[in-house]
Amino acid sequence: MTPTTPGHGPGSGLAPAPDAASRAVGRRQVLAWSLWDWGSAAFNAVVTTFVFTRWITSDAFVEAGAADPDAVMADHTAWLGWGLTIAGALIALLAPALGALADASGRRKVWLGVNTAATVAAMVAMFFVQPTPGSLSDAVILGIVLLSAGNVFFELASVAYNALLLDISTPRTIGRISGIGWGAGYVGGIVLLLVLFVGFINPEVGWFGITGEGGMDIRVSVLLSAVWFAAFAIPVLLAVPETPRPGGAAPIGVVGAYRKLGRDLVHLWRTRRSTLGYLVASAVYRDGLAGVFTFGAVIASGTFGFSASEVIVFAIAANVVAGLSTIAAGWLDDKIGPRRVILGSLVGLVISGTAVFVQHDGGANVFWVWGLLLCAFVGPAQSASRALLGRISDEGREAEAFGLYATTGRAASFLAPMAFATMVAVSGQQFWGILGIVAVILVGLVLMLFVRFPAGDGVDGGKDLVTASAGAPGSSSAEDRR
């Protein structure tokens, strides 16, 4: 991953490239870009976290007269885990190569559009998952297949989407713009969950006469979520500019993309171990962050006694807190740097998660306090992680870098589920799983403390860029870049 523009690559130790630093970024472009994040809440909040996944693993898909309903639901949950594991493996295999192809072709928005459309199509197909007696297990399998396929396409779309962040930001604004986008995702989740909760999920008879018969309230909610995502994905495709492929760059094929991936990993190991170390550390703690949301609803229900409706209400409040804290942290990111935001957020998560475990028998109020505090730290850590990678990515190869980001994240995606399940299995009590997630975050925090970034990329805030610009061009050495 050799830098194509002095001062804009990982560990260059130089000032930002004039073109990047002086690029005019319009509010209209930032708004259009962040609307994709806003719309993506339809998949993240409704499909994967609070509504669809919870539904297909519930007793709604247990045949009447089953000898052991809990065992059936446990089987369905295991199927879900295997489906998402396969999806994660596919993402790990495809993301870096497709990222490289997107960079080489200079058509990231095409990749974004195609994969977003495929995600929306999977969501539309979820409408046809029905709890029909006699074939409930088949319906669960269909739901898991569609969910897993949607996860693959969504993550591939995210690779191209994240790479576009570099086209609408400068080294001094990337943190706040990343925070605005991530915050927009949380706010979008609030609005959508409110609409679905009031209109379909909570009432006995919802809008247009929709009821829970045959799971129609859930199925319509997912269908409307698909429309929501599609509508808010359009602006980024129309309004956001895209850096064209350099005229002298030769196109590469799929095989060439994987060869290039191998060469890049070797190059990172030899010359930029800080970047490679960051990818490893972030993969670990990002899986812990994912675990907070993946198992949050389970813990709220099983340990703290939340009803299904109370979980949705908490989800709305959680998105409010996460959205506000993420937007605020985006501004802080540009002042003190993403590394400090990440470390501070991880420390806050470890403390809050430990408090949830210690006070597990304190009732719903305990989860409201510490659970919301957890959400206040998750968003900033996620946003700052994206911004940090954007700062150290080579110009013109951002999608490739975010492909590696997705790959390393998926390579570690088993950690939080395994730690959670292991602690529950050993203890026999659900609340011990909280410690498993905290342990994963703590390991990621320790790994992150050992990563040393070179000066000049703004990893430690605006002063980092100023310090680099005062240095002589070409003053950094290969050892410095490690």
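**Aromatic pairs**

I began with a search of the whole structure, and it turned up 17 aromatic pairs. A reminder to myself before going on: this is a predicted model.

I picked Trp-33 and Tyr-161 to look at in detail. Their ring centres are 4.6 Å apart and their planes meet at 5°, so I noted the pair as stacked. The cut-off behind that word is an angle under 30 degrees.

Where along the chain do Trp-33 and Tyr-161 sit? Trp-33 belongs to helix H2 (residues 27-50) and Tyr-161 to helix H6 (residues 136-163), with the two positions 128 residues apart, so I wrote this down as a link between distant parts of the chain.

Next I checked whether these two are buried or exposed. Trp-33 has a relative accessible area of 0% and is buried. Tyr-161 is buried as well, at 1% relative accessibility.

My second pair was Phe-52 with Trp-55. Here the centres are 6.1 Å apart and the angle between the planes is 55°, which I logged as tilted. Both residues lie in helix H3 (residues 52-56); because they are three residues apart there, about one helical turn separates them. I looked up the burial too: Phe-52 is buried with a relative accessible area of 1%, and Trp-55 counts as buried at 9%.

**A cluster, and a charge over a ring**

I then asked which residues join into one aromatic cluster. The cluster consists of Trp-33, Trp-36, Phe-43, Phe-154, Tyr-161 and Phe-229. It was nice to meet Trp-33 and Tyr-161 again here, as members of that cluster.

I also found a charged residue over a ring: Arg-219 lies over the face of Phe-127, 4.5 Å from the ring centre.

**The whole protein**

I stepped back for the totals. The protein has 18 helices and zero strands. It runs to 482 residues, and 54% of them count as buried.

For contacts I took residues at least 6 apart in sequence; 83% of those contacts join residues at least 24 apart. The accessible surface comes to about 19400 Å², and carbon and sulfur atoms account for 68% of it.

**Cavities**

How many cavities of 30 Å³ or more does the structure hold? I counted four. The largest cavity contains about 250 Å³ of space.

I listed its lining next. There are 23 lining residues, and those nearest the centre are Val-292, Phe-293, Gly-296, Phe-367 and Leu-374. At least two lining residues come from each of helix H10 (273-302), helix H11 (308-336), helix H12 (338-358), helix H13 (364-392) and helix H16 (433-449). Which helix gives the largest share? H10 does, with seven residues.

**Two alanines in helices that line the cavity**

I followed up with one residue each from H10 and H13.

Ala-283 is found in helix H10 and is buried, at 4% relative accessible area. Its C-alpha is separated by 4.2 Å from that of Gly-409, although the two are 126 residues apart along the chain. Beyond its neighbours up to four places away in sequence, Ala-283 touches Thr-408, Gly-409 and Ala-412.

Ala-376 is found in helix H13. Its relative accessible area is 17%, and it counts as buried because the limit is under 20%. From Ala-376 to Ala-322 I noted 4.7 Å, C-alpha to C-alpha, across 54 residues of sequence. Setting aside residues up to four places away, Ala-376 touches Val-321 and Ser-325.

**The loop between H7 and H8**

My last stop was a loop. Most residues other than glycine have a negative phi. Phe-208 has a positive phi of about 60° although it is not a glycine. Phe-208 is in the loop between helix H7 (174-201) and helix H8 (216-239), and it is exposed, with a relative accessible area of 78%.

Thr-211 lies in the loop between H7 and H8 too. I have it down as partly exposed, at 27% relative accessibility. The C-alpha atoms of Thr-211 and Phe-200 are separated by 7.3 Å, with the residues 11 apart along the chain. Which residues does Thr-211 contact, leaving aside neighbours within four places in sequence? I found Glu-204, Val-205, Met-216 and Asp-217.

Definitions and conventions. Residues numbered from 1 in each chain as written. Predicted model: local features only at pLDDT ≥ 70, side-chain atom pairs only at ≥ 80, totals over all residues. Heavy atoms only, no water. Phe/Tyr/Trp six-rings, centres within 6.5 Å; stacked < 30°, edge-to-face > 60°. Helix = DSSP H or I, 4+ residues; strand = E, 2+ residues; numbered from the N terminus. Buried < 20%, exposed > 50% of the residue type's maximum accessible area, 1.4 Å probe, protein only. Lys NZ or Arg CZ within 6 Å of the ring centre and 35° of its normal. Contact = heavy atoms within 4.5 Å. Areas by Shrake-Rupley, 256 points an atom, 1.4 Å probe, with all protein chains shown as cover. 1 Å grid on protein atoms, 1.4 Å probe; cavity = no way out; pocket = protein on both sides within 12 Å on 5 of 7 lines; lining within 4 Å. Points joined across faces, edges and corners; volume = space filled by probe spheres on them.
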